[in-house]
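Trainee: I would like to go through the terms used for this model. Could you take me through the reasoning behind each one?

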Amino acid sequence: MRIREGELQTLAAAIVRALLKDGFVRSTREPAVLQRRIVELIAHNLEEERALEEEAERLAQGHARQMAGMDQRKIIQGIMERLARERGFSL
């Protein structure tokens, strides 16, 4: 999934506001610090997902001859799901 930096900042800010407002989190740090950390976590997760998709695409290309006529996107998605499950990664 591709997400722009501005969208990521907006999402993180909304998460921090909701967590603090509803009392789910009591922070000893400024909300901006929490927001930066959430941005880092989401960006890292998106990068892992991108790497997983690239690996799934490589694996699918390696077996393309055996899967002639099949929907390539579904094959890649299936491989991604299997790899994610094996690695304990949530898509």
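Mentor: This is a predicted model. Start with a helix pair. The axes of H2 and H3 come within 8 Å and cross at roughly 125 degrees.

Trainee: Why is H2 called oblique to H3?

Mentor: Set the angle against the cut-offs. Roughly perpendicular covers 65 to 115 degrees, and roughly antiparallel starts over 145. The H2 and H3 axes cross at roughly 125 degrees. That value falls in neither class, so H2 is oblique to H3. The crossing of H2 and H3 is right-handed.

Trainee: Which residues of H2 and H3 meet?

Mentor: From H2, they include Glu49, Leu52, Ala56 and Ala60. From H3, they include Ile75, Ile76, Ile79, Met80, Leu83 and Ala84. By class, the contact of H2 with H3 has 10 nonpolar, two polar and seven charged residues.

Trainee: Glu49 is on that list. What makes glutamate 49 count as buried or exposed?

Mentor: Its relative accessibility is 17%. Buried means under 20%. Therefore glutamate 49, which lies in helix H2, counts as buried. Its C-alpha atom is separated by 12 Å from that of glycine 88, 39 residues apart along the chain.

Trainee: And what makes glutamate 81 count as partly exposed?

Mentor: Glutamate 81 is in helix H3. Its relative accessibility is 38%. Buried would need under 20%, and exposed over 50%. The value sits in between, so glutamate 81 is partly exposed. Its C-alpha atom is 35 Å from that of arginine 26, with the two positions 55 residues apart in sequence numbering.

Trainee: How do you know whether glutamine 66 is buried or exposed?

Mentor: The relative accessible area of glutamine 66 is 66%. The exposed class begins over 50%. So glutamine 66 is exposed. Glutamine 66 is found in the loop between H2 and H3. The C-alpha atoms of glutamine 66 and glutamine 35 are separated by 46 Å, and the two are 31 residues apart along the chain.

Trainee: What makes a group of residues a nonpolar core?

Mentor: The members must be buried, of nonpolar types such as Ala, Leu, Ile, Met and Phe, and joined through side-chain atoms within 4.5 Å. The largest such core here has 11 residues, among them Leu52, Met67, Ile79, Ala84 and Phe89. H2 (31-62) and H3 (72-87) each supply at least two residues of this core. Its largest share, six residues, comes from H3. A second, separate core of seven residues includes Leu8, Val16, Ile38 and Ile42.

Trainee: What does alanine 84 touch?

Mentor: Leu52, Phe89 and Leu91, leaving aside residues up to four places away in sequence.

Trainee: Now the other pair. Why is H1 called oblique to H2?

Mentor: The axes of H1 (residues 5-21) and H2 come within 9 Å and cross at roughly 125 degrees. That angle is over 115 and not over 145, so H1 is oblique to H2. H1 passes H2 in a right-handed crossing. Among the contact residues are Leu8, Ala12, Val16 and Leu20 of H1, and Leu34, Ile38, Val39 and Ile42 of H2.

Trainee: How many residues of each class does the contact of H1 with H2 have?

Mentor: There are 13 nonpolar, two polar and one charged.

Methods. Residues numbered from 1 in each chain as written. Predicted model: local features only at pLDDT ≥ 70, side-chain atom pairs only at ≥ 80, totals over all residues. Heavy atoms only, no water. Buried < 20%, exposed > 50% of the residue type's maximum accessible area, 1.4 Å probe, protein only. Helix = DSSP H or I, 4+ residues; strand = E, 2+ residues; numbered from the N terminus. Contact = heavy atoms within 4.5 Å. Axes fitted to C-alpha atoms, helices over the stretch in contact; angles between N-to-C directions. Parallel < 35°, antiparallel > 145°, perpendicular 65-115°, else oblique. Left-handed = near helix turned anticlockwise from the far one by under 90°. Nonpolar A, V, L, I, M, F, W, Y, C, P; charged D, E, K, R; others polar.
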